[in-house]
Structures are given as C-alpha cells and as structure tokens.
Amino acid sequence: MIDAPYNTSLTLRQLRFLVAVADELNFSRAAERCYVSQPTLSVGLKELEDRLGVTLAERTKRSVILTPVGAEIAERARKLLQDSREIEELAAAQASPEGGTLRMGAIPTIGPFLIPRAMPALKSSFPDLQLYLREEMTGQLLEGVHSGRLDLVIYAEPYAPAGLDTLHLFDDGYHLAAPPAVSPLSPRPSQPDVGLRGADLDGRQLMLLEQGHCLHRHALSAFPERDIQQDESFAATSLSTLISMVSEGLGITLLPDLAIDAGVAAGQDVVMTPLADACPRRVTLAWRPTSVRADLFRKIGEVLRDARGSLVAP
C-alpha cells in the first residue's frame, strides 16, 4: 500500500496572507488584518514560499519588501481571492438573494448624513441583510470595491471610476456658511429667494476640509469660472469642525445641502445662504460589474434616493 503524498498545494489562506503583506508592508498590521497572530502569518507565508520555490518577500527588522515575483504573484492572488468571494456570493444569492452580508463604503461627507436616515427602510426592505458600513476617502473606496474588500460604495463625482457599474442617486448642491456679521454675503433684499451666485464669491477665500476629502475638490470646483481660493491658514478633518470655526467668525465655507438637511449645522451661529448657480456634486453608487447582486444594489439605490428625499423639508 502506497501512502498518499502530503498535501502541499497552496491555499486561499496563504494567498490572503500574501495580499495582506503586499498591502501593509508590515507583518504586524498584515496579521491584524487577517485576524491571526504574527507568527501564524509568518509561517503561512513561509509555507507558500516553500510550495512555490521562490522568495516572495524580503524581511528586515524594520521593513518588508516584496520581490518582483512576489509582487506579481500578489496581484494574481487578488484576482483568485476575488473570484473565490464571488463564488461564495453566487451560492449565497441563490439561497437568499437579498440576504447575507453586505460591505458598503461611503465617503465621510455622505455616509453619516444619508445612511442613518436610510437604515430603517433598509432593514424593513431587506430583513435578512447584514450591513457593514465603512467611511473612507474616495480613492480607498474605489480600491476596496475593485479588490473585493467592499461590495458597493457611495461616492461623489467628478471621480469617474473605470471598470465599475454605477447608479446616479441624486445631485447635491451647496449653501454658503458665514458668520452673521459677514453682511456683504447676505442675500440681496431685492431677490431674497435667489440667494448668492458665483460672482458674489469672486476673490474670496474659503475654509475647507483638508486635502484628501473629495469635498475639498468639489467646493473649489463649484464655480469653475470664478476666482475662489482656499484659506491656506486652516484645514479641517470634519464638517462639524469646519462649521464651528465659521461660527467663531474665522471665515466662510461651502456646505453640501445633504449635510445641512441632516442637521449638521443645528445649534451653530451661522447664516446659511443657497448658492443658486453652484455646480452640484453627483452622488453615485458603484459596484463591480461581475457581482451577482447587482439587482439588490439597484434596489438599495432606490432606498437611498428615497432617504435623501425624506431629508428635504416640505
């Protein structure tokens, strides 16, 4: 009787370890991401190297560097891992088309204001769905959905992600937030319902979110033909901080209508004035075209649209 050979085939678990190391370039963070101990991850990666007969990563006490072949194998591993997830999704969709786990990402200037309002309807419409929400910058979101880390994402154009299916949810305009003392920016008495226009902001500086937030870019492009600049003396990490600074009389800023309607400026001593001719940001839902849950994502998009409508005062 001949003994069966020891199974030395590479495993999805080992490939997950490699991809985590490739992304983090740090064994401790890669192990945390894979929910294993660092020795377990190191052993798994060494087993993969032994199985393939190549060195995948160069290790020092302070850093990890992928070898050229390690980087190429990591990219192929991403595709294999995504395919394996989609196989699981396909089976789960057959058993429960509108159930299971859903990993949704949203930018910080949309998620906190839209998702809480949508959650009751999402729970009612999809009682078997378990939703996990992550707030990240646009670049991270798009990387996450491409890699399979996220199932669908909410972002704001003008970003134009290649290779994704998209659904336009709604347009989001702007108001000018200013301290009450800034009288030149008050609406014109003869046209109280028109609000301000881009010409009224020519030459003015705006306090904005720090670079990396897409709202930073959107605010500066709201009036592309006007000379509107950033106040370089200040940058905020959140809209609440930005509004507080305006309330203290330190400057002016643009706020998206979505955040205002959700009450982000409630209790703050600021004057909100609509900007009638500002270019709105286009809030969009995106997912991989290979996803078997596209029908579910479109239904979720309709719930999100309804939630945005419910925030608008009658």
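Two strands count as paired when DSSP finds at least two bridges between them. With that in hand, the tour can begin, bearing in mind that this is a predicted model.

**The whole protein**

Start with the whole protein in view, where there are 10 helices and 12 strands. Of its 314 residues, 43% are buried, and the accessible surface comes to about 16,300 Å², with 52% of that surface belonging to carbon and sulfur atoms. If you look at contacts between residues at least 6 apart in sequence, 74% of them join residues at least 24 apart.

**First selection: strands S7, S10 and S11**

Select residues 174–178, which form strand S7, and then add strand S10 (253–256) and strand S11 (271–274). Together these make an open sheet of three strands, in the order S10-S7-S11 and with antiparallel pairing. S10 and S11 are the edge strands, each of them pairing on one side only, and neighbouring strands of the sheet are turned against each other by 35° on average, when direction is ignored.

Now look at the two pairings in turn, beginning with S7 and S10, which run antiparallel and are joined by four bridges. To find a position where these strands meet, label Leu176, whose bridge partner in S10 is Leu254. On the side of S11, the pairing with S7 is likewise in the antiparallel sense and extends over four bridges. Here you can label Ala178, whose bridge partner in S11 is Val271, and then His175, which has Pro274 as its bridge partner in S11.

Is S7 mostly covered or mostly open? Strand S7 is mostly covered, since four of its five residues are buried. Part of the surroundings becomes visible if you add helix H8 (residues 239–247), which lies across S7 and S10 and runs at about 140° to S10.

**Second selection: helix H5**

Move next to residues 111–125, which make up helix H5, and follow the helix as far as Met119, where there is a kink of about 45° shortly before the proline Pro120. The buried residues of H5 are Gly111, Phe113, Leu114, Ile115, Ala118 and Leu122. When you look down such a helix, it helps to recall that an α-helix has 3.6 residues a turn, so residues three or four places apart point the same way.

From this helix, pick out Leu114, which has its place in H5. Why does Leu114 count as buried? Its relative accessible area is 0%, and because buried means under 20% relative accessible area, Leu114 falls in that class. Leaving aside neighbours within four places in sequence, Leu114 is in contact with Phe170, Leu258, Leu304, Ala307 and Arg308, so showing these side chains will display what surrounds the residue. You can also draw a distance from the C-alpha of Leu114 to that of Ala259, which is 145 residues away in sequence but 8.4 Å away in space.

**Third selection: helices H2 and H3**

Go now towards the start of the chain and select helix H2 (residues 27–34) together with helix H3 (residues 38–52), whose axes come within 8 Å of each other and cross at roughly 95°. H2 and H3 are therefore roughly perpendicular to each other. To see the contact itself, show Phe27, Ser28, Ala30, Ala31 and Cys34 on H2, and Gln38, Leu41, Ser42 and Leu45 on H3.

Two loop residues deserve a stop here. The loop between helix H1 (12–24) and H2 holds Leu25, a residue other than glycine with a positive phi, near 50°; at 42% relative accessibility, Leu25 counts as partly exposed. In the loop between H2 and H3 you will find Tyr35, another residue that is not glycine and has a positive phi, in this case near 60°. Is Tyr35 buried or exposed? At 78% relative accessibility, Tyr35 counts as exposed.

**Last stop: Arg51**

Finish in helix H3, at Arg51, which is partly exposed with a relative accessible area of 40%. From Arg51, draw a line to Ser9, which lies 42 residues away along the chain, and you will find that the C-alpha atoms of the two residues are separated by 7.0 Å.

Terms used. Residues are numbered from 1 along each chain as its sequence is written. This is a predicted model: local features need pLDDT of at least 70, side-chain atom pairs count only at pLDDT 80 or more; totals for chains, interfaces and linings use all residues. Side-chain values use heavy atoms; hydrogens and water are left out. Axes are lines fitted to C-alpha atoms, for helices over the stretch in contact, and angles run from 0 to 180 degrees between N-to-C directions. Contact means heavy atoms within 4.5 Å. Buried means under 20% relative accessible area, exposed over 50%, partly exposed in between (1.4 Å probe, protein chains only). Accessible areas come from the Shrake-Rupley method with a 1.4 Å probe; for residues, only the protein chains shown count as cover. The bend at a residue is the angle between axes fitted to the seven residues ending there and the seven starting there. Angles under 35 degrees count as roughly parallel, over 145 as roughly antiparallel, 65 to 115 as roughly perpendicular and the rest as oblique.
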